[in-house]
Amino acid sequence: MITLPKDEEARVDSQRARFSPSSPGSSRSVPFRDSDPTETDALLSEVDSHAAAWLTGASTSANGTIIRGGHSGVGDVAGSSHTNFDGPPPNFAPYEAEYFEVGNEDICSHDPHLNSDGEALYRFILARAQRPPFTRVHIKGSHTEHKTRWVTRTGSDGRSRQELENYTETVTDFSFYVDIKPATYTTRTTDGAVGGPIPIEPIHWSVADHVPAYRGKMVKEVEEVRIPGMGSIRREKRKAKRKEKKVRDKWAEEVNGRGLPPWCEEREIDLEGGRPTSLVLAGSMSPQLSSASSPWVESLAEIEQHPLRSSKTVRQWADEYCASPKRLKEFVYTQELYGWNMQQIESAIRSTVQATPYNGSLEISFTKHRSKIYIRPDNRLSRMLSNKWLKFLSIILLIFPFIWLFKRFHSRGGGRWEVCGGAYPLKRWVPIEDENTNGGGTSGDPSLPPIRPIR
């Protein structure tokens, strides 16, 4: 039994005497006695003040004073901390993942949050994809000159003599670079003034299920629909055959050289004439477009309407990557330019230079920049392989072959996801508006597909 001091016991008795239940079995009670109405009114006013303070977002201090916005109504209470409820909530700060550049301005990140949260990885890709890639064309001209010079040689007898020597020297005539980038559009105000640039929004694409690609292992796979005996339908991955990979690699070279969309399939384009087949136009175009005079433009616009060919979304692929426990896994997001036939561009550059006239040796090379976004785990081994000098040292010391065996054959070794990317058009087909309807000006062609603005 707990014994209270006499003064505390007397205070408890006085408080108990002020409250009396209306009946022994009732849950309701009479709050105050009628013998002291002045004290009752004082207590009620105190309760009402505290309730009003709570409803308005204020708080009370240790001595009962009302606090609003971190300050009391009577005076500041020393040594006490209070929450300020006035004003809007603090601004939300988005998560900034760490990354660095490798190779030709490619992005590589070992951030641990991107390897555990699919939403964070998806948002990181969307943010970094706003930086468009570009292709750098290196044009170099050189010629070979045959020259002679006198050299001094020492014979076996120790005597020196001069001889005439013929040698060849390569002279560089010119060497310069040209960057091929997507066009940057600007806004215009009502008075015609040029505003700010419009951000380039990529077209996110994914490979089809039947296309050989890296889908979580160190070998290329395809997804097939299986129908077991019970009648349920499920998708299973299998290793791609050598013939399938060879056909796909050949078609990828054609797509890159002709400037076609990276998700375009071989059955949609006629390789002989470079024009769409009837498979693209049949049954998929509107009556107005099907009777148009520019089938190539219409078919290309139809192909651009369906860039996501996989049965999974980009977000689902990101979740699958984050759920993998592999130590040397890698998620690759590919950025591609399309719209220009690079084979014709190379031929045009060569013809222009040779028409000057120039008879030397001409070299033209295309190098992609900002074309990859790599996401890799946060461990020492993975970070070491991202450093080209440490990787080269591991090859010299014969350590890398064992790392490769671990990635290739161990269940928790390596895995690659290379199934999606972003496409950036180098040209757009814009229908001409009818500006001179009453005059003899050229009218617009209604057969062209609608413009897809880059927001």
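These are my notes on the core, one helix pair and one sheet of a predicted model.

**Core.** I looked up the largest nonpolar core first and found that it has 48 residues. The residues with the most contacts inside this core are L121, F124, W263, Y321, F331 and I375. In general, nonpolar side chains tend to be buried together in soluble globular proteins.

**Y321.** I then listed what Y321 touches, leaving out residues up to four places away in sequence. Its contacts include L121, F331 and I375, which are also on the list of residues with the most contacts inside the core. Y321 also touches L114, N115, K329, E330, R376, P377 and W417.

**Helices α3 and α8.** Next I checked how helix α3 (residues 118-128) packs with helix α8 (residues 314-323). The angle is about 125° and the axes are 8 Å apart. Angles of 65 to 115 degrees would count as roughly perpendicular and those over 145 as roughly antiparallel, so α3 and α8 are oblique to each other. I noted the crossing of α3 and α8 as right-handed. On the α3 side, the residues that meet α8 are G118, E119, L121 and Y122. Their counterparts in α8 are V314, R315, A318, D319, Y321 and C322.

**Sheet.** Last, I traced an open sheet of three strands, in the order β13-β14-β15, with antiparallel pairing. The edge strands, β13 (213-214) and β15 (234-239), each pair on one side only. Between β14 (residues 220-226) and β15 I recorded six bridges. Which residue of β15 is the bridge partner of E223? I found K237 there.

Notes: Residues are numbered from 1 along each chain as its sequence is written. This is a predicted model: local features need pLDDT of at least 70, side-chain atom pairs count only at pLDDT 80 or more; totals for chains, interfaces and linings use all residues. Side-chain values use heavy atoms; hydrogens and water are left out. A nonpolar core is a set of buried Ala, Val, Leu, Ile, Met, Phe, Trp, Tyr and Cys residues joined through side-chain atoms within 4.5 Å. Buried means under 20% relative accessible area, exposed over 50%, partly exposed in between (1.4 Å probe, protein chains only). Contact means heavy atoms within 4.5 Å. Two strands pair if DSSP finds at least two bridges between them. Helices (H or I, at least four residues) and strands (E, at least two) are DSSP runs, numbered from the N terminus. Axes are lines fitted to C-alpha atoms, for helices over the stretch in contact, and angles run from 0 to 180 degrees between N-to-C directions. Angles under 35 degrees count as roughly parallel, over 145 as roughly antiparallel, 65 to 115 as roughly perpendicular and the rest as oblique. A crossing is left-handed if the near helix is turned anticlockwise from the far one by less than a right angle, and right-handed if clockwise.
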